[in-house]
Amino acid sequence: MAYAPTLAAQPVPDTYPAKQTLRLTAKRTAAEGIVAFEFSSLDGAPLPPFGAGDHIMVDLGPQMSRAYSLCNDPAETHRYVIAVLKEPDGKGGSVAMHALDEGAEVAVSLPRNNFALVSGAKRHILLAGGIGITPLLSMAHALSRHRADFVLHYGVRDLSRMALRDLIQASPFADQCMLHVDGHADYPAYDIPQILAEPNPDTHVYVCGPTPFIDHVATVAKANGWNPDQIHWEYFVAPESDDPAENVSFEIELVPGGEIVTVGPEESVVEALEREGIFVLTSCAEGVCGTCLLELVVGEPDHRDHYLSDADKARGDCFMGCVSRAAGGRLRIKL
Ligand code: FES
């Protein structure tokens, strides 16, 4: 029976283990440099449900776990589908993914969500750039099932790099998709100012893609008078800071043991802990995926991530150990 998810993100029931071993049941080229991977359970049992915009963490080696957005229909419970762009100059995750063979068994986390649809919105505008199509595809599936009012714009520089075009054009929401290819006569230009020309309080906009693309959308939305609460995005890599703060050394105190670890100016909290033999799982190491979340007991962090919301930061009970530092004084963290 098909699982019928709601539009809004829902936590996965806690009857499932945090991690499970899945089999890579299919692997196919989705575009130039992009491979789609399909994972299923070892025994054919239904997978833990997921929602639109969810991602999974895939373990690819010791201390190497990578976050990938699910791009299939959240109503499916027999498979998780992701698409991965190979980045030979990246940190190794995409290369390790592309090296997996069909039949491989891989540890995969429960689905998580940092990028959810707003269930009360009357209209949704999905804006994808490049491989940023993946979370927006699961959103399009969910919106289509709920007969919601939405449009998906998907732009690439080169047609050969347009991932999953065959599936999109054969999907039930093909008529709600606008494909854009730079300088291609058969595809209209990706005109963000025109798409966001008229702010509407009942419309929410979801953006995923390369950092310059997200920044461009954010700039246009602001200039056109959109309320920032109506613009939602998911970064794959951290945006560069115009004015990076100078790093100074600080201390962290571990609770309950009381050990003190000094974090040098050239290292992160995660790296300082690792030097002391304490390993914190990381993925992006850029403050965008949420993997290295640390529980803060006392102290004032200098938040440098793009994962925590303003409300999370205001609560003052966590920070991202791969990028954030102390704003002054010692950070006491629970490990
Ligand atoms: S490892 Fe991704 S936020 Fe720290």
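Me: Helices (H or I, at least four residues) and strands (E, at least two) are DSSP runs, numbered from the N terminus. With that settled, how many helices and strands are in the chain?

Reply: The structure is a predicted model. Its chain contains seven helices and 17 strands.

Me: And where does Arg147 sit?

Reply: Arg147 is placed in the loop between helix 2 and strand 9 (149-156). The residue comes just after helix 2.

Me: What is its backbone doing there, in terms of phi?

Reply: Arg147 is not a glycine, yet its phi is positive, at about 50°.

Me: Is Arg147 buried or exposed?

Reply: Arg147 is exposed, because its relative accessible area is 76%, and exposed means over 50%.

Me: What about helix 2 itself, how many of its residues are buried?

Reply: Helix 2 is mostly covered, with twelve of its 13 residues buried. Among them are Ile133, Pro135, Leu136, Met139, His141 and Ser144.

Me: What span should helix 2 have, and what does the model give?

Reply: Helix 2 covers residues 133-145, and at 1.5 Å a residue its 13 residues should span 18 Å. The C-alpha atoms at its ends are 18 Å apart, so the model agrees with the expected span.

Me: Which other residue has a positive phi although it is not a glycine?

Reply: Leu164 is one of them, with a phi of about 60°. Leu164 belongs to the loop between strand 9 and helix 3 (165-170).

Me: Buried or exposed, in the case of Leu164?

Reply: Leu164 is buried, because its relative accessible area is 2%, and buried means under 20%.

Me: New topic. Where is there a cis peptide bond?

Reply: A cis peptide bond links Val255 to Pro256, with omega at about 15°. Pro256 is located in the loop between strand 13 (250-255) and strand 14 (260-263).

Me: Which residue touches Val255 from strand 17?

Reply: Lys334, found in strand 17 (residues 325-334), is in contact with Val255. Leaving aside neighbours within four places in sequence, Lys334 also contacts Glu295 and Val297.

Me: How far is Lys334 from Glu300?

Reply: Their C-alpha atoms are separated by 14 Å, and the two residues are 34 residues apart along the chain.

Me: Why does Lys334 count as partly exposed?

Reply: Its relative accessibility is 45%, and partly exposed means between the 20% and 50% limits.

Me: Now Thr282. Which loop holds it, and what does it touch?

Reply: Thr282 lies in the loop between helix 6 (269-275) and strand 15 (293-302). Not counting residues up to four places away in sequence, Thr282 touches Gln63, Ser65, Arg66, Val270, Thr291 and Cys292. At 17% relative accessibility, Thr282 is counted as buried.

Me: Let us step back. Why can the overall size be said to agree with a compact globule?

Reply: A compact globule of 335 residues would have a radius of gyration near 20 Å, and the chain has 21 Å, so the two agree. Along the principal axes, the C-alpha trace spans about 60 × 50 × 35 Å.

Me: What share of the residues is buried?

Reply: Buried residues amount to 48% of the 335 residues. The accessible surface is about 16100 Å², and carbon and sulfur atoms hold 50% of that area.

Me: What part of the contacts joins residues 24 or more positions apart?

Reply: Such pairs account for 68% of the contacts with a separation of 6 or more.

Me: Last one: how far apart are the mean positions of the positive and negative charges?

Reply: The chain has 25 positive and 45 negative charges, and their mean positions lie 3 Å apart.

Conventions: Residues are numbered from 1 along each chain as its sequence is written. This is a predicted model: local features need pLDDT of at least 70, side-chain atom pairs count only at pLDDT 80 or more; totals for chains, interfaces and linings use all residues. Side-chain values use heavy atoms; hydrogens and water are left out. The radius of gyration is taken over C-alpha atoms; the globule rule is 2.2 Å times the number of residues to the power 0.38. Buried means under 20% relative accessible area, exposed over 50%, partly exposed in between (1.4 Å probe, protein chains only). Contact means heavy atoms within 4.5 Å. Accessible areas come from the Shrake-Rupley method with a 1.4 Å probe; for residues, only the protein chains shown count as cover. Lys and Arg count as positive and Asp and Glu as negative; His and the chain ends are not counted. The place of a charge is taken as NZ of Lys, CZ of Arg, CG of Asp or CD of Glu. The expected span of a helix is 1.5 Å times one less than its number of residues.
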